[in-house]
Amino acid sequence: MTWWRDAVVYQIYPRSFRDSDCDGVGDLEGIRSELDYLVWLGVDTLWLSPIYPSPMKDFGYDVANYVDVERLFGSLEQFDGLIRDAHARGLRVLLDWVPNHTSSEHPWFSESRSSRSNPRRDWYVWRDAREAGSPPNNWVRAWSEGSAWTWDGATGQYYLHCFLDSQPDLNWANVDVRQTMHDTLRFWLDRGVDGFRMDVVHLLGKDLDADDPDDLKAMSHVPLNDVPVTHEYLREIRAVLEEYDNERVSVGEVYLIDPNRVAAYYGRGDELHLSFNFASLYTPWNAEAWRDLIATTEAAMNPVGAWPTWVMSNHDNVRVATRLGADDRRVRAAMTLLLTLRGTPFLYAGEELGLRDATVPPDRVVDPGGRDGCRSPLPWDVDALHGWPATPWLPFVDNASQFSVEAQRDDPDSMLHFTKTLLDLRHRDDTLRHGDIDGLVASDGVLRFIRHHAGRRVMVVVNFSDTDSAVAVAVEGRLLLSSAGGARAGSLLPAEAQVIEL
Ligand code: GLC
Ligand code: MG
């Protein structure tokens, strides 16, 4: 069994995790000081959103240097210390790698835009205007109605940016770009990182001649996505990871939503090790919808040997607790699903606390993509600043004390203890970690599936309905866990999830 199939990955958004140097922005030393908390919780792999030097127009996803640490976050020495301390505790560390675009402040882009004859001109995607001066194609950039092309008056061409105009796309068709980007992976692999979460990797290959027929948004843009050459680039990237021992892992952000399209990015075991399956973020809280999602995912992944992943929240989307109407019963049921489905779960920092999105007043909005709410700082204690030594860069969630680690650590019935109990169960239970899945049914608002491994069978039942009465489920078995506490097998309370050994 490869380690990344067994792992539970905990996503840290460094700006919002823990601040050690009183500037209101989380940092590496802050993360380092909470490693024991993460071990206690029971996660085993950390993914850090970008920590590279950045002008922070997209809060780190605009990289100005791939081989250094942003001063706000700390230093390379501190990074080495973090890796050392994490490894000493059995925690693995994944970095976020942003290969599709750089910051416009990256020196490569300064060179590229300096003249048409600059040796790095071709490192980015430059094109002439179409007749009448219009952009080369009709692609729209993320988070706007605006064009994905910006005119550069000085050199008389457009450059491509699928995201902000300060995030020019690299030209992956250029072999020097590919080799240089491979070297940025080696730089961190040599320092001991266990792998990478790879930002929007489905965008690397591009078919610039394809106009968007439906004028869709860039993220779901069919011509821009799913270009065959991307798979070649991914095989090259995989080969770089395989130069190293201990199975350094790649987790691709393949934002194509449909599990059938996503499965192709695993290749024949020679592209991504794992890919996000974002359909869960758009699936309504409904037993039939979840049955269909799980069935579609299994049908897409299983035959090609692709190991699924599951995710409920991240730094780009409304948190699961907010999506579920801040109903704590449902939030626990969702956590039960996340940690019992077949595949590697990704848990977003704060999910273990049941954190909701913060309300961000207009004068504190900072993200061009409107994602500030889910990036609000973690509340560590019940004091006024919740363990932050200075007012953090974004507001806290409402009632932050109640959600804080301190308050929940003292309460055995808290979401934090529930998450820890589930994680402990998963780590002890081979069937939940490795088992196949079958017996998937949805009826009367109840979803059930069975995980089985080496003759042992564990059933998960989730009551998606939250009517007042309990639902009878004809299951004989030993209750391993209930999201409602104190319940019994055979009867499901509203919005309750149970894990039952058959
Ligand atoms: C990914 C990141 C998101 C970022 C975008 C551009 O979707 O998760 O935060 O804004 O890529 O890099
Ligand atoms: Mg700081």
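The exercises below, each with a worked solution, concern a predicted model.

Residues are numbered from 1 along each chain as its sequence is written, and ligands are numbered from 1 in the order in which they are written. Local features need pLDDT of at least 70, and hydrogens and water are left out of side-chain values, which use heavy atoms.

**Exercise 1.** State which residues coordinate the magnesium ion (ligand 2), and whether Asp19 and Asp23 are buried or exposed.

*Solution.* Step 1: donors are N, O and S atoms within 2.8 Å of the metal (3.2 Å for Na, K and Ca); water is not among the atoms, so sites may look incomplete. Step 2: Asp19, Asp21, Asp23 and Asp27 each coordinate through OD and Val25 through O, at 2.1 to 2.2 Å. Step 3: buried means under 20% relative accessible area, exposed over 50%, and partly exposed in between (1.4 Å probe, protein chains only). Step 4: at 5%, Asp19 is buried, while Asp23, at 33%, is partly exposed.

**Exercise 2.** Determine the strand order of the open sheet of 8 strands and identify its edges.

*Solution.* Step 1: strands (E, at least two residues) are DSSP runs, numbered from the N terminus, and two strands pair if DSSP finds at least two bridges between them. Step 2: the order is E9-E8-E7-E3-E2-E1-E11-E10, with parallel pairing. Step 3: E9 (274–275) and E10 (309–311) are the edges; each has a single partner strand, so one side of each lacks a neighbour in the sheet. Step 4: within the sheet, 4 bridges join E7 (residues 195–198) to E8 (residues 249–252), and Arg197 stands opposite Val251 in E8.

Note on methods:
This is a predicted model: local features need pLDDT of at least 70, side-chain atom pairs count only at pLDDT 80 or more; totals for chains, interfaces and linings use all residues.
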